[in-house]
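Student: Got a minute to go through this one with me? I'd like to start with the helices and then wander a bit.

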Amino acid sequence: MTIRDWLGVSVIALTLTACGETEPKNGSAEILASKQKSLAQRLKAACSSQATYDRLKQVAFDEAIRIRNADPVNLDTLSTHSLVRVENPVVKSRDETLDVTVCSGRFVLQVPPGAERAFDGKRQLVADIEYAAQAAADGSGLVYQIKGAEPIIYRLATFDLRSDTYRSKAPATEVAVAQASPPPEAKTAAPPPPPPPPAASPAPAASPTARPAPAPTQAAPRVAAAAPSFNCRVARSRSERMVCSSPQLASLDREMSSRFYSALSRGNEGVRAELRRTRDSFLRYRERCPDEACVAQAYRDRMDEIRDISAAR
C-alpha cells in the first residue's frame with residue numbers, strides 16, 4: 001500500500017471516529033484535514049524522508065562493523081562518501097498504540113567512484129528490505145530495524161581500504177580505498193554465513209567498582225508492550241531476553257539506541273571510535289546483570305556515557 005493509499009484509508013477511519021458517520025459535520029473537516037496532514041508527515045518521516053535513508057545507512061554500516069569486529073575507520077570512510085535511497089517505499093502496517101510504522105522498498109547503496117572495484121565493479125548494491133520505525137522513548141527521533149539487507153551488510157563487512165584511491169563527489173576530496181579482502185573464514189566458505197545475532201544496543205563500559213553478578217535465575221517471560229531496538233525473535237543472550245520481556249527495558253533500549261546513532265552521525269572519527277569501543281565493553285557488563293534493575297541502571301549509565309563522549313569529556 002502506497003503512502004497515498006494509506007492516507008485514503010486513514011482519512012475514512014478518522015472521519016468515522018471523529019463524527020460517528022462517513023459525512024463530516026460542521027467544523028470537523030478542518031480537524032480531519034489537520035489529522036490527515038499530521039499522519040502524512042509521520043508516514044513520510046518514517047518511510048521516505050532523507051533522515052530515514054541516512055539512519056538506514058547508519059544501521060547497515062554499524063551492523064557491518066559489528067560483524068567485522070575490527071577497526072572500523074575504513075568503513076566509516078566509505079559510509080561518509082556513500083549515498084542511500086529507497087526505491088518505491090510503501091507502508092505495510094501502522095500501529096498507533098506502539099507508534100510503529102513498518103515500510104518496505106528497494107534499498108540502494110551507491111558507493112563512491114573507485115570503490116566499485118571492491119564490489120565486482122558495481123557502483124550500486126541493492127536489496128529488497130522491510131524496515132520498522134518506532135519513536136524513541138525520549139522523543140529524540142526514530143529507531144529502525146531492518147530485515148533483508150544482509151547481502152549488502154555482509155559485503156560491507158568484507159570491505160577493506162589499503163592502497164588505491166578514489167575521488168568522492170565532494171570537490172578536491174581524496175580517500176584511500178582498496179580491494180575487498182574477506183576474512184579467512186569467508187574465503188573458504190561458499191555460502192555466506194548465517195545472520196549473526198542482532199546488535200544489541202550499546203551500553204556503558206564496565207566500571208572497576210561495578211558489582212559482580214551472581215548466577216542468574218530465569219524469570220518468567222512477559223509480553224513487552226513495546227519493542228526494543230533489536231529483533232526479539234532472534235534474541236539469544238540472557239540480557240537480550242530480559243529486555244524483550246520487559247516494557248521498561250525495551251523503552252530504555254530504544255531511547256539509548258536513538259541517542260547512540262544520533263551521536264554516531266554527528267561525531268568525528270574519534271568520537272565514533274570511542275562510542276563503538278565502549279559499546280563492546282557494556283555488552284559484556286550488561287550480560288553479567290542478574291536482574292532487570294541492574295540492566296535498567298546499565299542503560300542509564302550508558303546514556304550518560306554517550307553524552308560525555310559526544311561532549312569529548
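**Helices, sheet and salt bridges**

Tutor: Sure. H9 and H10 are roughly antiparallel to each other. Keep in mind that this is a predicted model.

Student: At what angle do the axes of H9 and H10 cross, and how close do they come?

Tutor: The two axes cross at roughly 165° and come within 11 Å. That angle is over 145°, the cut-off for roughly antiparallel, so H9 and H10 get that label.

Student: Is the crossing of H9 and H10 left-handed or right-handed?

Tutor: Right-handed for H9 and H10.

Student: Which residues in H9 and H10 meet?

Tutor: On the H9 side they include Val-271, Leu-275, Phe-282 and Tyr-285. H10 brings, among others, Val-295, Ala-298, Ile-306 and Ile-309. Charged residues take part as well: Glu-274, Arg-279 and Arg-286 from H9, and Arg-302 and Glu-305 from H10.

Student: What do Glu-305 and Arg-302 form with their side chains?

Tutor: A salt bridge, at 2.8 Å from N to O. Both residues sit in helix H10 (residues 292-310), 3 residues apart, or about one turn of the helix.

Student: Are Glu-305 and Arg-302 buried or exposed?

Tutor: Both are buried.

Student: And Glu-274, which residue does that one form a salt bridge with?

Tutor: Arg-277, with the closest N and O atoms 2.6 Å apart. This pair lies within helix H9 (residues 269-287), again 3 residues apart and about one turn of the helix. Glu-274 counts as partly exposed at 29% relative accessibility, and Arg-277 is partly exposed too, at 47%.

Student: How many salt bridges are there in the whole structure?

Tutor: A search finds 17. Here's one between strands: Lys-147 with Glu-130, where the closest N and O atoms are 3.7 Å apart.

Student: Where do Lys-147 and Glu-130 lie?

Tutor: Lys-147 is in strand E4 (residues 142-147) and Glu-130 in strand E3 (residues 124-135), so the bridge ties together parts 17 residues apart in sequence. Lys-147 is partly exposed, with a relative accessible area of 35%, and Glu-130 is partly exposed at 24%.

Student: OK, switching to the sheet. What's the order of its strands?

Tutor: E1-E2-E3-E4, which makes an open sheet of 4 strands with antiparallel pairing. E1 and E4 each have a single partner strand, so one side of each is left without a neighbour in the sheet. On average, neighbouring strands are turned by 30° against each other, ignoring direction.

Student: Which helices pack on the sheet?

Tutor: Helix H2 (residues 28-47) packs there and touches E1, E2, E3 and E4, with its direction at about 130° to that of E1. Helix H5 (residues 150-157) also packs on the sheet, touching E2, E3 and E4, and its direction makes about 110° with that of E3.

Student: How many bridges join E1 to E2?

Tutor: 10 of them, between E1 (residues 83-95) and E2 (residues 100-110), which run antiparallel. To place yourself on the ladder, Val-84 stands opposite Leu-109, while Arg-85 has Val-108 as its bridge partner.

Student: What about the hairpin itself: which residue takes a positive phi?

Tutor: Asp-99, with phi near 55°. The hairpin of E1 and E2 has 4 residues between the strands.

Methods
Residues are numbered from 1 along each chain as its sequence is written. This is a predicted model: local features need pLDDT of at least 70, side-chain atom pairs count only at pLDDT 80 or more; totals for chains, interfaces and linings use all residues. Side-chain values use heavy atoms; hydrogens and water are left out. A salt bridge is a side-chain nitrogen of Lys or Arg within 4 Å of a carboxyl oxygen of Asp or Glu. Helices (H or I, at least four residues) and strands (E, at least two) are DSSP runs, numbered from the N terminus. Buried means under 20% relative accessible area, exposed over 50%, partly exposed in between (1.4 Å probe, protein chains only). Two strands pair if DSSP finds at least two bridges between them. Axes are lines fitted to C-alpha atoms, for helices over the stretch in contact, and angles run from 0 to 180 degrees between N-to-C directions. Angles under 35 degrees count as roughly parallel, over 145 as roughly antiparallel, 65 to 115 as roughly perpendicular and the rest as oblique. A crossing is left-handed if the near helix is turned anticlockwise from the far one by less than a right angle, and right-handed if clockwise. Contact means heavy atoms within 4.5 Å.
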